[in-house]
Amino acid sequence: MRSIWNGAISFGLVSIPVKLVNATENHSISFRQIHLADGGRIRYRKVCELDEEEVSGGEIGKAYEDADGTMIPITDEDLAQLPLPTAKTIEIVAFVPADHIDPLQMDAAYYLSANGVPAAKPYTLLREALRRSDRVAVAKYALRGRERLGMLRVVDDVIAMHGLLWPDEIRAPQDAAPDGDVTVRDAELDLADALMDTLGEVDMDRLHDDYREAVEELVAAKAAGEIVLPAEPEDTGDGKVIDLIAALENSVRAARKSRNGDGDSGMADVHPIKKTSSKTSGTAKKTTHRTPTGKTVTRSGSSTAKKSAPKSTGAKKSTSTTKKSAGSAGSRTAAKKTAKKTETKAATKTATKKRTSSSGGTPAKKTASSRKRTSA
């Protein structure tokens, strides 16, 4: 990587020669301005507004514009004579915990590389000291003609430096908060917590720029002469929240489905809200029914189905009547059969008793008389 600055880290009386390289790169797709009539590229030329002549880079200098519009020329020699101790030095002024740095101050990121073999030992010493102390170094440095604030921290085995904005460059968040007092219910907070738990963590290396990929595909398709069809716009809801609870519940379900492939993950319990209103939705579907007389009746709402459910055709009524008649007839037939059986049993018992009484006594007496006749 090409260095953009060469200097040294001032660590007390220790000086560490380093090179500054960019730690980030821009992958955004850039476009050129063209003349729509013929496709010619539009270029900007630097022209002096006094003589309207185009000037080259060697003829251009710096100037400070005063409040009344007066231009005060400032040369590079003027700036070089200013006392700037950090012109070639990253001067460490303090070591603080990382959470003492406001993320709003974060600016560009750089890698600090040891410049030469003699710098390896002090560079490693500073790196390990930062790692063991679990702190970051606050430093001042000069880059591109101005003094800046920076933060040094360890990334893998390299010392990285983040450019920081000066505290007076951070604007106060005035008028950014919602107007008025807004109350958040515990149920809404519980659903928000459930959504956060369902979304969980993410592998930052898997995140990518979907829009840039879409632009690349568009450029490739146009270069190949293909017809590009417009994509269907996604329903974003226009930023209007009608029911916050319902929106949170739907978000939790969608997050579960995205994470697990189904809606049952067990990570967060979501209970649907019971509707207390008896009013039906204004978008109820209309249903058309044809009566037995041939008339057509159109009704709307779910109440139509409920009211019409008990109604049936004449054929259904006759069928049910037949079933009831058959059932009652069967019951009467069974009752008659039972009565006949009972009468038959009673008649049999009566006849037996009569025969017994007419024979002149019990069977034991009959046996005794039979024995007397036999002996005689």
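**Leu82 and its patch**

I began with Leu82, which sits in the loop between helix 1 (76–80) and strand 5. This is a predicted model, so I keep that in mind throughout. Is Leu82 buried or exposed? Leu82 has a relative accessible area of 51%, so it counts as exposed. I then looked up its company on the surface: Leu82 joins Tyr64, Ile72, Ile74 and Leu79 in a nonpolar patch of about 450 Å².

**Strand pairings**

Next I followed the strands, starting from strand 1 (residues 5–11). Strand 1 pairs with strand 5 (residues 89–97) in the parallel sense, over three bridges. To find the spot by eye, I used Ala8, which stands opposite Thr89 in strand 5.

Strand 1 also runs antiparallel to strand 2, and seven bridges join the two. Here Phe11 stands opposite Val14 in strand 2. What links these two strands? They form a hairpin with two residues between them, and Gly12 in the turn takes a positive phi of about 65 degrees.

From strand 2 I moved on to strand 6 (residues 106–114), an antiparallel pairing over five bridges. My marker there is Val21, whose bridge partner in strand 6 is Tyr111.

Back at strand 5, I found an antiparallel pairing with strand 7 (residues 135–143) over six bridges. Ile92 stands opposite Ala139 in strand 7.

**Positive phi away from glycine**

I also looked for non-glycine residues with positive phi and noted two. Glu52 has a phi of about 55 degrees; its place is in the loop between strand 2 (14–22) and strand 3 (62–65). Asp175 has a phi of about 60 degrees and lies in the loop between strand 9 (158–164) and helix 3 (186–199). Glu52 is exposed, because its relative accessible area is 65%. Asp175 is exposed too, with 79%.

**Helix 4**

Then I checked the length of helix 4 (residues 210–223). With 14 residues at 1.5 Å a residue, helix 4 should span 20 Å, and its end C-alpha atoms are 20 Å apart, so the two agree.

Which residue caps the N-terminal end of helix 4? I found Asp209 there, with a side-chain oxygen 3.1 Å from the backbone nitrogen of Tyr211. Just after the helix, Gly225 takes a positive phi of about 80 degrees.

Inside helix 4, Glu216 forms a salt bridge with Arg212, the closest N and O atoms being 3.2 Å apart. The two lie four residues apart, about one turn of the helix. An α-helix has 3.6 residues a turn, so residues three or four places apart point the same way. Glu216 is partly exposed at 39% relative accessibility, and Arg212 is partly exposed at 22%.

**Other salt bridges**

How many salt bridges does the whole structure hold? My search gave eight. One of them joins the side chains of Glu169 and Arg146, at 3.5 Å from N to O. This pair links distant parts of the chain, 23 residues apart: Glu169 in the loop between strand 9 and helix 3, Arg146 in strand 8 (residues 146–155). Glu169 is partly exposed at 36%, and so is Arg146 at 37%.

I also noted Arg127 and Glu128, whose side chains meet at 3.0 Å, N to O. Arg127 counts as buried because its relative accessibility is 14%, under the 20% cut-off. Glu128, at 34%, counts as partly exposed.

Notes: Residues numbered from 1 in each chain as written. Predicted model: local features only at pLDDT ≥ 70, side-chain atom pairs only at ≥ 80, totals over all residues. Heavy atoms only, no water. Pairing = 2+ DSSP bridges. Buried < 20%, exposed > 50% of the residue type's maximum accessible area, 1.4 Å probe, protein only. Patch = residues over 30% accessible without salt bridge, like charges linked within 9 Å, V, L, I, M, F, W, Y side chains within 5 Å. Areas by Shrake-Rupley, 256 points an atom, 1.4 Å probe, with all protein chains shown as cover. Salt bridge = Lys/Arg side-chain N within 4 Å of Asp/Glu carboxyl O. Expected span 1.5 Å × (residues − 1). Polar contact = N/O pair within 3.5 Å; in protein donor to acceptor, adjacent residues only side chain to side chain.
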